[in-house]
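Hello,

Here is the structure I promised to pass on. Please open it first, then read my notes below.

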Amino acid sequence: MTANSGLHVHQIEKRYGNLVALRGVSATFRHGSIHAVLGENGAGKSTLMGVMSGFVQPDLGTVSLDGRELPVGNAAECRRRGIEMIHQHFTLVSEFTVAENLALARLDRLTGRASVAMRAAPALAVATRLGWQVDGAARVRDLSVGEQQRIEILKALGGDANVIIFDEPTAVLSPDEVQDLFRVLRQLRDEGKIVVLIAHKLAEVMEIADEVTVLRRGTFVAHARTADVTEAQLAEWMVGELPVSSVAARTAPLGPGLVADRVSIRSDRGSVAVRELSFTIARGEILGFGGVDGNGQLELAEAMVALRPHRGALQFDGQAIDPQRLRIAYVPQDRHTDGLALNLSIADNMLIGGLALPRLHQGILLKLREIDAWAADLIGRFAIKADRASDRVRGLSGGNQQKVVVSRALVEQPDLLVAVNPTRGLDLRATQYVHEKIREARNGGAAVALITTDLDELYALSDRTAFLSRGELNAASGAGALVGATA
């Protein structure tokens, strides 16, 4: 390797209005190394990755690969130079099939009249090697978030890139899938490729990364080999101080709450996604549903909040679930598709959950000053990094977008809270805060259904756990024998 070998970013500056996303950041990413980039939400990680891959035009600074300067702000040329980025938010065409999406990613790599099957074949071969069951004929719109994430990963791994940037790739993967992915990352590293990983889970970083760079508030804080640091040191570099954990004492369950009796639910494709589930979530209780994504979690969540029809009985306090009668809080699994109106402001998105608050309106007229003050208070309470409540949600980082969704759901005490991967993409401090708010909702008398692919989160929050597999509760933890947990 020469002195110029590797990917170098030098004195990168980027502003969005008054917000400084990056301030004089320099770093080097070496061949044959897995390099993690850490920081809180809004620290500038995704912006830096966007600059490196050509999707973001910096105000100042340069990027070079193996001694050759890259054309910053030119994603197509950066890709031709061998840089691939797997985005946190998907870049799939929802109306296309899986094979068509995989083929679309290779349009600039093949010439002539190659078929969709030929163009998709390399990525599908990677899927086979990973042990992923991928249906090339399936429409992307019908896939779960976890399944869509796999397609994004396959799009990049089906090429011949020398630099592969992963933006939170494990967020919706099960532990077994994470280990499969890590095996592939190690293989890419051993082949001499540059592997860059944005991550929040420090245990995963310590397991997979060879070295780490830490950003805080758009500035470079530290670089180290992971063998030379601890999780505690990384956390302190990220947040400036270690977060203090506090767990509210659980109150006694207050009544039956949500009762499901032989509930069956169909997917958008018409197949049975959930098959005759029976369970009870008491008021004042968190029932956690674990399992690999795509096993009926999405359909169950939507049925519980009255967004999807079902067969069988699904009741709350002995009556059919009625959003007009109950205060239902919902954190959906896909914040872009189901959780946010991206072109509206932060305040407008929060107001979706706040319209029922009497202090924010008088009859049909909205009290704009009260709404601005209310939204600003939520921005402060949930540490959302934004200049103003009038800023568009689209301009926020992924983690801060998730905070908007969660703040809207938890602003008032709910009767029923359904949360699907509620801390996906959140940093340490924000994850701790959301966990505290979920426990507060439980202790205030809510029946809480927690659906998460993160086993640490499942066991940290749940009073009881169940596992979904092919739309059924598995035999080890069925409706009559749900596993107890402390929280």
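Start with two helices, α11 and α13. Helix α11 spans residues 346–354 and helix α13 spans residues 398–410. They pack at an angle of about 35°. Their axes are 8 Å apart. The crossing is right-handed. From α11, the residues in contact are Ile346, Asn349, Met350, Ile352 and Gly353. They meet Val404, Ser407 and Arg408 of α13. Sorted by class, this contact has 4 nonpolar, 3 polar and 1 charged residues. Keep in mind that the model is predicted.

Now the whole chain. It has 15 helices and 23 strands. The C-alpha atoms fill a box of roughly 70 × 50 × 45 Å along the principal axes. Is the radius of gyration what a compact globule of 487 residues would have, or what is it instead? The chain has 23 Å, and a compact globule would be near 23 Å, so the two agree. Of the 487 residues, 55% are buried. About 20,600 Å² of the chain is exposed, and carbon and sulfur atoms supply 50% of that area. Look at the contacts too, taking those with a separation of 6 or more. Residues 24 or more positions apart account for 68% of them.

Next, helix α1, residues 45–53. This helix is mostly covered, with 8 of its 9 residues buried. The buried ones are Lys45, Thr47, Leu48, Met49, Gly50, Val51, Met52 and Ser53. Glycine 54 follows α1 and has a positive phi, near 90°.

That brings me to backbone angles. Most residues other than glycine have a negative phi. Two residues here are worth a look. Aspartate 66 is not a glycine, yet its phi is positive, near 50°. Aspartate 66 sits in the loop between β4 (60–65) and β5 (68–69). Its relative accessibility is 40%, so aspartate 66 counts as partly exposed.

The other is glutamate 168. Its phi is also positive, about 50°, and it is not a glycine either. Glutamate 168 belongs to the loop between β7 (163–167) and α6 (175–190). Is glutamate 168 buried or exposed? Glutamate 168 counts as buried because its relative accessibility is 8%, and the cut-off for buried is under 20%.

Two more residues to find. Threonine 230 is in the loop that runs between β10 (219–225) and α8 (231–239). With 46% relative accessibility, threonine 230 counts as partly exposed. How far is threonine 230 from isoleucine 198 in space? The C-alpha atoms of the pair are 18 Å apart, and in sequence the two are 32 residues apart.

Last, lysine 437. Its place is in helix α14, residues 428–443. Lysine 437 has a relative accessible area of 12%, so it is buried. Which residues does lysine 437 touch, leaving out those up to four places away in sequence? They are Arg381, Phe382 and Leu410. One of these takes you back to the start: Leu410 lies within the span of α13, residues 398–410.

Best wishes

Technical notes. Residues numbered from 1 in each chain as written. Predicted model: local features only at pLDDT ≥ 70, side-chain atom pairs only at ≥ 80, totals over all residues. Heavy atoms only, no water. Axes fitted to C-alpha atoms, helices over the stretch in contact; angles between N-to-C directions. Helix = DSSP H or I, 4+ residues; strand = E, 2+ residues; numbered from the N terminus. Left-handed = near helix turned anticlockwise from the far one by under 90°. Contact = heavy atoms within 4.5 Å. Nonpolar A, V, L, I, M, F, W, Y, C, P; charged D, E, K, R; others polar. Rg over C-alpha atoms; globule rule 2.2 N^0.38 Å. Buried < 20%, exposed > 50% of the residue type's maximum accessible area, 1.4 Å probe, protein only. Areas by Shrake-Rupley, 256 points an atom, 1.4 Å probe, with all protein chains shown as cover.
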